[in-house]
Amino acid sequence: MATQEELQALADQEIEDAKPLYKLVNNERLEFTDADYAQAKIDLGNDKWYDQQFGYIQARQEAYGSVQEQLDMQYWDGVNGTTTWADHIAQVKSDNPKPA
Amino acid sequence: MGLVQVATNTVTSSTAYVDLIGTTTDDVYMIVVNGYIPTSDAADLRARVLESSTLNTTANYDRAFLSIRTDTTYSNQANTNETYYDLTTAVGNSTGEQMNGIIYLYNANDSNQYTYLTAENVQLSHTALTIGNQGAAVFTSNSQVNGLRFYPNSGTIASGTFTMYKLSS
């Protein structure tokens with residue numbers, strides 16, 4: 001897993017590679033100032049860190065079946081003696097692991 | 001009550017951010033975002049306040065949103081003490097994918113009150129999923145806000161029109 005400093009270095013390089021960047025202020029298109037570039041690097045670095053540390057939460061939320069689907073799984077597991085629901089939950093967690 | 005256009009920005013080529021400036025009275029303001037498409041697939045649209053046209057990046061952005069989705073029931077999108085407002089959920093940029101929405105701003109010009117906003121938007125996500133985002137947010141600082149900055153969380157804005165209106169009485 002990357003450190004925050006390593007991710008910030010990646011972000012800095014990505015912004016450097018993306019130059020020139022432009023902004024639109026009251027419909028006037030202008031190139032970024034040094035302050036704009038500095039802020040963009042901070043934002044991108046923070047996003048990379050957040051995604052690495054907490055991205056799994058959103059990913060799991062989107063991967064879980066709906067409540068209705070999960071209740072249906074549990075019903076049929078009870079009827080058939082299967083483990084479909086538990087397997088589903090385990091698969092989502094496995095596919096989107098929490099950072100160590 | 002009528003709408004008075006205060007500012008508008010039309011993005012037609014790659015632009016990293018858009019500033020809408022002009023909340024200079026104590027009226028309610030309405031911002032319309034039409035046809036936002038990011039250059040990077042699955043990019044959220046974010047916003048931050050401007051004070052004297054200077055960006056505020058402090059951790060004073062609270063929000064509570066509900067994403068109404070066609071693939072599952074819904075999901076809560078709620079955070080406190082963030083450094084921006086997140087207004088969308090992974091907007092796509094393939095054919096037909098974009099985001100459209102309206103934001104209402106309250107107390108922006110009043111330096112003695114927090115700035116409040118309500119927002120609703122509709123989008124097609126990067127997986128062509130229809131999502132309706134409905135919610136509210138508060139900038140928890142007593143400050144005079146004179147506008148908002150819109151920017152994607154990755155890449156730049158490929159196209160879109162951002163217009164601010166004053167709701168004049």
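Here is a walk through the contact between chain A and chain B, followed by a look at one residue in each chain. Keep in mind that this is a predicted model.

Let's start with the interface as a whole. The size of an interface is often given as the accessible area lost when the parts come together. Here, chain A and chain B bury about 1,800 Å² between them, and 40% of that area sits on carbon and sulfur atoms. On chain A, three residues stand out: Leu24(A), Asn26(A) and Asp47(A) supply 27% of the area that chain A buries against chain B, more than any other three residues. In terms of residues in contact, chain A brings 19 and chain B brings 29.

Next, the polar side of things. Two salt bridges are counted between chain A and chain B. Arg48(B) forms a salt bridge with Asp43(A), and their closest N and O atoms are 2.7 Å apart. If you go through polar contacts across the interface, you get 14 residue pairs, with both residues at pLDDT 80 or more.

Which elements of chain A each supply at least two residues of the side that touches chain B? They are β1 (22-25), β2 (28-31) and α2 (34-63). The most comes from α2(A), with seven residues. By type, the side of chain A that touches chain B splits into six nonpolar, six polar and seven charged residues.

The strand β1(A) does something else as well: it pairs with strand β2 (residues 17-21) of chain B, in the parallel sense and over three bridges. If you want a spot to zoom in on, Lys23(A) stands opposite Tyr17(B) in β2(B).

Now back to helix α2 of chain A, which is where Lys41(A) lies. Is Lys41(A) buried or exposed? Its relative accessible area is 18%, and buried means under 20%, so Lys41(A) counts as buried. The side chain of Lys41(A) makes a polar contact with the side chain of Glu16(A), at 2.6 Å. Leaving aside residues up to four places away in sequence, Lys41(A) touches Gln8(A), Ala11(A), Asp12(A), Ile15(A) and Glu16(A).

Over in chain B, have a look at Ser125(B), in the loop between β10 (115-124) and β11 (130-139). Ser125(B) is buried because its relative accessible area is 2%. With the same sequence neighbours left out, up to four places away, Ser125(B) touches Thr89(B), Ala90(B), Val91(B), Gly92(B), Glu97(B) and Ile131(B). As for Tyr74(B), 51 residues apart from Ser125(B) along the chain, the two C-alpha atoms are separated by 14 Å.

Definitions and conventions
Residues are numbered from 1 along each chain as its sequence is written. Chains are lettered from A and ligands numbered from 1 in the order in which they are written. This is a predicted model: local features need pLDDT of at least 70, side-chain atom pairs count only at pLDDT 80 or more; totals for chains, interfaces and linings use all residues. Side-chain values use heavy atoms; hydrogens and water are left out. Contact means heavy atoms within 4.5 Å. Buried area is the accessible area (1.4 Å probe) that two parts lose on being put together, summed over both. A salt bridge is a side-chain nitrogen of Lys or Arg within 4 Å of a carboxyl oxygen of Asp or Glu. A polar contact is a pair of N or O atoms within 3.5 Å; within protein, one must be able to donate a hydrogen and the other to accept it, and residues adjacent in sequence count only if both atoms are side-chain atoms. Helices (H or I, at least four residues) and strands (E, at least two) are DSSP runs, numbered from the N terminus. Ala, Val, Leu, Ile, Met, Phe, Trp, Tyr, Cys and Pro count as nonpolar, Asp, Glu, Lys and Arg as charged, and the others, Gly among them, as polar. Two strands pair if DSSP finds at least two bridges between them. Buried means under 20% relative accessible area, exposed over 50%, partly exposed in between (1.4 Å probe, protein chains only).
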